[in-house]
Amino acid sequence: KNQTKSIALSLFRRNKNRKTKRAKNTKTLYQSNQQTIQSNPTNNPIQQTIQQTKQQTMPTSPEQAIKKLSRLPPNTICPNCGTTSKYGFSTVCIKYYTFVCNACKSSHQAVSHRCKSLTMSSWDQGEVLKLKTHGNDYARKVWLGNAPPVGRGGRPREGEDINVFKRFVVRAYEERAFYKEPSASAGASDYNNGGGGAMANGGNVNGAPQSQQQQQQQQHYAPT
């Protein structure tokens, strides 16, 4: 009887030790997984789903929308002088809602045309809407619809004297020397850099300008 009790007690202790060891291993594995998830949340499919949902439902701020518009291919070419900026210009001429280079910014400011910085200024949804329905393509087709090519007839090109820029801005916008009436059958959406116009041509408001479109725009508005 004593031998039987001893064997039973030994088996009981062995099973108990196995269960304790298994529980410790399970707890250690759980803690290790939690540490991995916390250190690398992007590797966790649940966290990825939550993050994607937040990005889809979170409204875009006016500042973010302005930056996206500045990177559309038509807006990466200054309407006045044809200067190009791969990642978009940092200034908007508020009076005409155009993205302009530094030389044209100074020229607009010289005649009291208000300009705002993309990064240093606050923006509202009304300004975003104006930039969507106007922008650089609108300026080229309307305010500069009858202007000479870049580098000719007094129209400045990148690197020229600042006074050439200033004279052209006065002629184009103050004197309306090159103004062309918008087509009666064409609405503002035809010049829309943030909606139908740009998107129909493959414009990407959420990323960098598309290289093929950039090349086409540069060829069309390049100095001659």
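**Exercise 1. Find what follows helix H5, then describe the helix itself.**

Right after H5 comes glycine 135, with a positive phi near 80°. A quick note on the model: it is predicted, local features need pLDDT of at least 70, side-chain atom pairs count only at pLDDT 80 or more, and totals for chains, interfaces and linings use all residues. Residues are numbered from 1 along each chain as its sequence is written, and side-chain values use heavy atoms, with hydrogens and water left out.

Step 1: locate the helix. H5 covers residues 125-133. Helices here are DSSP runs of H or I with at least four residues, strands are E runs with at least two, and both are numbered from the N terminus.

Step 2: look at the N-terminal end. Aspartate 124 caps it, with a side-chain oxygen 3.0 Å from the backbone nitrogen of glycine 126.

Step 3: pick out the buried residues (buried means under 20% relative accessible area, exposed over 50%, partly exposed in between, with a 1.4 Å probe and protein chains only). They are Glu127, Val128, Leu131 and Thr133.

Step 4: see what they pack against. The list is helix H3 (62-70), strands S1 (91-93), S2 (98-100) and S3 (115-117), and helix H6 (135-141).

**Exercise 2. Work out the strand order of the open sheet and its edges.**

Step 1: trace the order. The 3 strands run S2-S1-S3, with antiparallel pairing. Two strands pair if DSSP finds at least two bridges between them.

Step 2: name the edges. S2 and S3 each have a single partner strand, so one side of each has no neighbour in the sheet.

Step 3: zoom in on one pair. S1 and S2 are joined over 3 bridges, and valine 92 has phenylalanine 99 in S2 as its bridge partner.

**Exercise 3. Decide whether histidine 113 is buried or exposed, and list its contacts.**

Step 1: place the residue. Histidine 113 sits in the loop between helix H4 (102-110) and S3.

Step 2: check accessibility. Histidine 113 counts as buried because its relative accessibility is 2%.

Step 3: collect the contacts (heavy atoms within 4.5 Å). Skipping neighbours within four places in sequence, histidine 113 touches Cys93, Lys95, Tyr96, His108, Val169, Tyr173 and Glu174.

Step 4: spot the polar contact (N or O atoms within 3.5 Å; within protein, one able to donate a hydrogen and the other to accept it, and residues adjacent in sequence count only if both atoms are side-chain atoms). The side chain of histidine 113 makes one with the side chain of glutamate 174, at 2.5 Å.
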